[in-house]
Amino acid sequence: VNSEATFTASFGRSKFPAWGAAGGEGGSPNYFVVERAGEPPRRLSKVTALRLARGDLIQMHTGSGGGFGDPLERDPEQVAADVRESFVSADRAREVYGVVLTDDGRVDGAATAAVRAGLRGPGHAPAG
C-alpha cells in the first residue's frame, strides 16, 4: 500500500489527566484513535511518522480540565443551562451532578433531590 501521508502527534496529559480541586472530579485524557480497514482501532497518545493510506481515519480526543468543587453542590439550574448549551449531556448531568431534567429540559426538583441523596450515600448531608 502506498502511503499518502504521514502523521505525527504527541499529546501531553494522556496518562495523567488534569486533576480536580476542592472535591471536583479529574479531567479526561488526550488521545487519538487510528482506524484502518480490517484492523481493530488503535488508541495512541504519541506517534512519529505514522504512514497513512487512503481511507485511514484519525479521531482526535482532546481532554477536559479538572473540576472545582463537589459536583453535587452545583446549582441545578446552572447544570440545566450547561445541558442546553451542550457542555454536558442530560445523562452526565444525572450521573455526575445528580440533576434530573424533564423532557423539556427543566429541573425536576424532587427527582434531583432523590438522585443526589443516593449519590451522596447514607449519612452524607449536603455542604453548607
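This briefing walks through helix H3, the salt bridges, strand E2 and two backbone oddities. Keep in mind that the model is predicted. In short, H3 packs its buried residues against helices H1 and H2, E2 pairs antiparallel with E5 and also with E3, and the structure holds 5 salt bridges.

**Helix H3: span and ends**

- H3 covers residues 109-120, which makes 12 residues.
- From its first C-alpha to its last, H3 reaches 16 Å, close to the 16 Å expected at 1.5 Å a residue.
- At the N-terminal end, Asp108 acts as the cap, with a side-chain oxygen 3.4 Å from the backbone nitrogen of Ala110.
- At the other end, H3 is followed by Gly121, and the phi of Gly121 is positive, near 85°.

**Helix H3: two faces**

- Which residues of H3 are buried? They are Thr112, Val115, Arg116 and Arg120.
- These buried residues sit on the same side of H3, because they cover an arc of only 135° around the axis.
- As background, an α-helix has 3.6 residues a turn, so residues three or four places apart point the same way.
- What do the buried residues of H3 pack against? Their neighbours are helix H1 (76-84) and helix H2 (90-97).
- Turn to the face of H3 away from its buried side and you find the exposed residues Ala110, Ala114 and Gly118.

**Thr112 up close**

- Thr112 has its place in helix H3.
- With a relative accessible area of 4%, Thr112 is buried, because the cut-off for that label is under 20%.
- Where does the side chain of Thr112 reach? It gets to the backbone nitrogen of Val100, at 2.9 Å.
- Leaving out residues up to four places away in sequence, Thr112 touches Pro76, Gly98, Val99, Val100 and Val107.
- Val100 therefore turns up twice for Thr112: in the list of residues it touches and, through its backbone nitrogen, as the place the buried Thr112 reaches with its side chain.

**Salt bridges**

- How many salt bridges does the structure hold? The count is 5, and three of them are described here: Arg36 with Asp56, Arg120 with Glu73, and Arg74 with Asp82.
- A bit of chemistry first: side chains of opposite charge can pair when their charged atoms come close.
- Arg36 and Asp56 meet through their side chains, with an N to O distance of 2.9 Å.
- Arg36 lies in the loop between strand E2 (31-35) and strand E3 (42-44), while Asp56 lies in the loop between strand E4 (46-52) and strand E5 (57-61), so the pair ties together parts that are 20 residues apart in sequence.
- Arg120 forms a salt bridge with Glu73, and their closest N and O atoms are 2.8 Å apart.
- That pair links distant parts of the chain, since Arg120 belongs to helix H3 and Glu73 to the loop between E5 and H1, 47 residues apart.
- Buried or partly exposed? Arg120 counts as buried at 18% relative accessibility, whereas Glu73 counts as partly exposed at 33%.
- Arg74 and Asp82 form a salt bridge with an N to O distance of 2.9 Å.
- In this pair, Arg74 is partly exposed with a relative accessible area of 30%, and Asp82 is buried with 17%.

**Strand E2 and its partners**

- E2 is mostly covered, with 4 of its 5 residues buried.
- E2 and E5 run antiparallel and are joined by 5 bridges.
- Which residue of E5 is the bridge partner of Val33? It is Gln59.
- E2 also pairs with E3 in the antiparallel sense, this time over 3 bridges.
- Across that pairing, Phe32 stands opposite Leu44 in E3.
- E2 and E3 form a hairpin with 6 residues between them, and Gly38 in the turn has a positive phi of about 80°.

**Positive phi outside glycine**

- Arg13 has a positive phi, near 55°, in a residue other than glycine.
- Arg13 is found in the loop between strand E1 (5-10) and E2, and counts as partly exposed at 41% relative accessibility.
- Ala49 is not a glycine either, yet its phi is positive at about 55°.
- Ala49 has its place in strand E4 and counts as partly exposed at 42% relative accessibility.

Terms used. Residues are numbered from 1 along each chain as its sequence is written. This is a predicted model: local features need pLDDT of at least 70, side-chain atom pairs count only at pLDDT 80 or more; totals for chains, interfaces and linings use all residues. Side-chain values use heavy atoms; hydrogens and water are left out. The expected span of a helix is 1.5 Å times one less than its number of residues. Buried means under 20% relative accessible area, exposed over 50%, partly exposed in between (1.4 Å probe, protein chains only). The arc is that of the directions from the helix axis to the C-beta atoms. Contact means heavy atoms within 4.5 Å. A polar contact is a pair of N or O atoms within 3.5 Å; within protein, one must be able to donate a hydrogen and the other to accept it, and residues adjacent in sequence count only if both atoms are side-chain atoms. A salt bridge is a side-chain nitrogen of Lys or Arg within 4 Å of a carboxyl oxygen of Asp or Glu. Two strands pair if DSSP finds at least two bridges between them.
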